[in-house]
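Visitor: Please choose one small part of this model and take me through it closely. After that, I would like to see what surrounds it.

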Amino acid sequence: MAAIGRPVASFIDANFTHCDKVLNKSGHYYWKCNFCGNKDGSNGAHIQGRDNSLPKHIIDCAAAPSEICQEARTFIMGKTQSVTQSSVTPDVTTLEAIAPVRKWKKETLDGFIDYPLTKEQTEDANSKLLQ
């Protein structure tokens, strides 16, 4: 078990053996499947513990009992449901803090008519330009 960080889920702790740390700055560890990790050429001998890779391995593991596979599916569903429930049902204080979005009016120049300058306006503009 890792000394620092989040506690490991009981499902992971019961079905996998904690191995060495991944050689990067992620803070992840490698795990070994308790069902197929000791078999030669097994994918379960060296699994990086990130995202849902550990319970997904149990679902695909031929050596894992069907009850454990079902428990892995339930574990993944529980993680995804807690995320979607928190994002779907915000509390009242969050709703009050959200400002309404202003929609920009689409203004066109269709209501304006462009008239040419009169002779007086043209002479006045030319005299100001040439000064």
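**Starting from one bridge**

Guide: Let's begin with lysine 21, whose bridge partner in S2 is tyrosine 29. Before going on, please note that this is a predicted model, in which local features need pLDDT of at least 70 and side-chain atom pairs count only at pLDDT 80 or more, while totals for chains, interfaces and linings use all residues. Residues are numbered from 1 along each chain as its sequence is written, and side-chain values use heavy atoms, with hydrogens and water left out.

The bridge belongs to a pairing of S1 with strand S2 (residues 29-33), which is antiparallel and runs over four bridges. Two strands are said to pair if DSSP finds at least two bridges between them. Helices (H or I, at least four residues) and strands (E, at least two) are DSSP runs, numbered from the N terminus. Widen the view and you find three strands in an open, antiparallel sheet, in the order S1-S2-S3. Strand S1 (16-21) and strand S3 (47-48) are the edge strands, each pairing on one side only.

Now look at the loop between S2 and S3, where serine 42 is found. Serine 42 has a relative accessible area of 19%, so it is buried; buried means under 20%, exposed over 50%, and partly exposed in between (1.4 Å probe, protein chains only). A polar atom of the side chain of serine 42 lies 2.7 Å from the backbone oxygen of cysteine 36. Setting aside neighbours within four places in sequence, serine 42 is in contact (heavy atoms within 4.5 Å) with Cys36 and Gly37.

Past S3 comes another loop, leading to H2, and aspartate 51 lies in it. Phi of aspartate 51 is near 50°, a positive value in a residue other than glycine. As background, most residues other than glycine have a negative phi. Aspartate 51 has 67% relative accessibility, so it counts as exposed. Asparagine 52 is in the loop between S3 and H2 as well, but with a relative accessible area of 16% asparagine 52 is buried. Not counting residues up to four places away in sequence, asparagine 52 touches Ile76 and Lys79.

The loop leads into helix H2 (residues 53-60), where Leu54, Pro55, His57 and Ile58 are buried. Seen down the axis of H2, these buried residues fall within an arc of 150°, so they line one face of the helix. That arc is taken from the directions from the helix axis to the C-beta atoms.

For a last stop, go back to the stretch before the sheet. Phenylalanine 11, in helix H1 (residues 10-15), pairs with phenylalanine 75, in helix H3 (residues 66-88), 64 residues along the chain. Their ring centres are 5.2 Å apart and their planes meet at 25°, so the pair is stacked. The rule is that rings of Phe, Tyr and Trp (its six-membered ring) pair if their centres lie within 6.5 Å, with planes under 30 degrees apart counted as stacked, over 60 as edge-to-face and the rest as tilted. Phenylalanine 11 is buried at 4% relative accessibility, whereas phenylalanine 75 is partly exposed at 22%.

Stepping back, the chain has five helices and three strands, following the pattern α-β-β-β-α-α-α-α along the sequence. Of its 131 residues, 18% count as buried.

Note on methods
Polar contact = N/O pair within 3.5 Å; in protein donor to acceptor, adjacent residues only side chain to side chain.
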